[in-house]
Amino acid sequence: MSDEPIKLAEGMTAARQSGRIENHVCEFDVCGKRAPFGFAKPRQPSHWLCFEHREHGDSYLAGVR
Ligand SMILES: [Zn+2]
């Protein structure tokens, strides 16, 4: 019989840390990229856009379509 210590899988801790990152997706048509840019006005739902489409987020804030 062996007396080796039990090791936990290293992937478990990595998965825990990545779960803390907010995972928003660009809402511009069918883009679907990761969207680190959030645009929000009081009393309105926030919009999330990727780097490519963040200029459209500016128009959300300005009220121009
Ligand atoms: Zn986009």
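How many aromatic pairs does the structure hold? It holds one, and this tour will reach that pair after a view of the whole chain and of the zinc site.

**Before starting**

The model is predicted, so local features need pLDDT of at least 70 and side-chain atom pairs count only at pLDDT 80 or more, while totals for chains, interfaces and linings use all residues. Residues are numbered from 1 along each chain as its sequence is written, and side-chain values use heavy atoms, with hydrogens and water left out.

**The whole chain**

Display the chain as a cartoon. Two helices and two strands appear, in the order α-β-β-α along the sequence. Helices (H or I, at least four residues) and strands (E, at least two) are DSSP runs, numbered from the N terminus. Of the 65 residues in the chain, 12% are buried; buried means under 20% relative accessible area, exposed over 50%, and partly exposed in between, with a 1.4 Å probe and protein chains only. Among contacts (heavy atoms within 4.5 Å) between residues at least 6 apart in sequence, 10% join residues at least 24 apart.

**The zinc ion**

Select the zinc ion next, together with Cys 26, Cys 31, Cys 50 and His 53. These residues supply the protein donors through SG of each cysteine and ND1 of the histidine, at 1.9 to 2.4 Å from the ion. Donors are N, O and S atoms within 2.8 Å of the metal (3.2 Å for Na, K and Ca); water is not among the atoms, so sites may look incomplete. The angles among the four donor atoms run from 105 to 115°, and the site is tetrahedral. Four donors count as tetrahedral if all angles lie between 85 and 135 degrees.

Along the chain the donors follow the spacing C-x4-C-x18-C-x2-H. Cys 26, in the loop between helix H1 (11–18) and E1, and His 53, in the loop between E2 and H2, link distant parts of the chain, 27 residues apart.

Now colour the four donor residues by accessibility. Cys 26 and His 53 are both buried, the latter at 13% relative accessibility. Cys 50 is buried as well, with a relative accessible area of 3%, whereas Cys 31 is partly exposed at 24%. Leaving out residues up to four places away in sequence, His 53 touches Cys 26, Phe 28 and Cys 31. The count of disulfides, pairs of cysteine sulfur atoms within 2.5 Å, comes to zero.

**The aromatic pair**

Select Phe 37 and Phe 51. Their rings form a tilted pair, 6.2 Å centre to centre with 45° between the planes. Rings of Phe, Tyr and Trp (its six-membered ring) pair if their centres lie within 6.5 Å; planes under 30 degrees apart count as stacked, over 60 as edge-to-face and the rest as tilted. Phe 37 lies in strand E1 (residues 37–39) and Phe 51 in the loop between strand E2 (47–49) and helix H2 (54–62), so the pair ties together parts that are 14 residues apart in sequence. Phe 37 is partly exposed at 25%, while Phe 51 is exposed at 58%.

Add Arg 54 to the selection. Its charged end sits over the ring of Phe 37, 5.0 Å from the centre; this requires NZ of Lys or CZ of Arg within 6 Å of the ring centre and within 35 degrees of the ring normal.

**Tyr 60**

Finish in helix H2 by selecting Tyr 60, which is partly exposed at 31% relative accessibility. Apart from neighbours within four places in sequence, Tyr 60 contacts Glu 27, Lys 41, His 47 and Leu 49. The C-alpha atoms of Tyr 60 and Ala 40 are 8.3 Å apart, with their positions 20 residues apart along the chain.

Definitions and conventions
Four donors count as tetrahedral if all angles lie between 85 and 135 degrees; four count as square planar and six as octahedral if opposite donors are over 155 degrees apart and all others between 65 and 115; anything else is irregular.
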